[in-house]
Amino acid sequence: MDWNEWHDEYDRPGSRLARRLVAVQERVRAALDTAPAGPLRMISMCAGQGRDLIPVLAEHPRRDDVRARLVELDPANCDLARAAAAAAGLGRVEVVEGDASLAGGYADLAPADLVLACGIFGNISDDDVRRTIGFFPQLCAEGGTVVWTRHREEPDLVPRMCTWFEENGFALEWVSPPQAGYGVGAHRFTGRPRPLAAGESMFSFLGYDRLRPAGS
């Protein structure tokens, strides 16, 4: 899978990924709008080219309050994300080329006010989806938001995912309807953050092409 080429669909108006991106960015903007005053910390896992976060931060009045880390394995995507952050003057946005599944990569930013898990849940096993959600109380600050994506192809895992979030202390804020053709959700953490298990791996990235025809 060429994950750099995969991003080309974002640039096709009306495509599934283009519409999904709009929904994700709206949830990111809502999280910023309602975040408490003061410094903010943000994490983006499997961040790709940074399209979920960087364009929103670039135009938001809270931009200078944010310290963010984007973790992405593909070097070409990392280069594009760094260039986008630099062009927007976002000096506190760090792009790390590495394995986003390793909890220790977020040790100095957790618990964060916003955690982005976009493009992950359609590329890992159902067991790992549940395992990863179980790690979010370690990554997310009390009152913080997790924004996530997952396809709505059958069997539709999104209802079970919402249950798993609830079991881990998260309240549903918004989820896209099944007929949207994509799945985007936002959950707010109502519990207390747990210590980070820095030596743990949250998931094994398999790729949607190995799991099912639909993307994440």
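This report describes the sheet in a predicted model and the helices that pack on it.

## The sheet

Start with the strands. Seven of them make up an open sheet. Their order is β3-β2-β1-β4-β5-β7-β6. The pairing is mixed. At the edges lie β3, residues 93-97, and β6, residues 170-175. Each of these edge strands pairs on one side only.

Now look at the twist. On average, neighbouring strands of this sheet are turned by 15° against each other, with direction ignored.

## Strand β7 and its partners

Strand β7 covers residues 184-189. Edge strand β6 is joined to β7 by five bridges, and the two run antiparallel. One residue to find here is Leu172, which stands opposite His187 in β7.

Turn to the pairing of β7 with β5. These two strands also pair in the antiparallel sense, over five bridges. Here Thr149 stands opposite Val184 in β7.

Is β7 mostly covered or mostly open? Mostly covered: of its six residues, five are buried. Buried means under 20% relative accessible area.

## Helices on the sheet

Helix α4 spans residues 75-87 and packs on the sheet. Helix α4 touches β2 (66-72) and β3. The direction of α4 makes about 170° with that of β3.

Helix α6 is formed by residues 158-167. Which strands does α6 lie across? They are β5 (140-149), β6 and β7. Helix α6 runs at about 170° to β5.

Note on methods. Residues numbered from 1 in each chain as written. Predicted model: local features only at pLDDT ≥ 70, side-chain atom pairs only at ≥ 80, totals over all residues. Heavy atoms only, no water. Pairing = 2+ DSSP bridges. Helix = DSSP H or I, 4+ residues; strand = E, 2+ residues; numbered from the N terminus. Axes fitted to C-alpha atoms, helices over the stretch in contact; angles between N-to-C directions. Contact = heavy atoms within 4.5 Å. Buried < 20%, exposed > 50% of the residue type's maximum accessible area, 1.4 Å probe, protein only.
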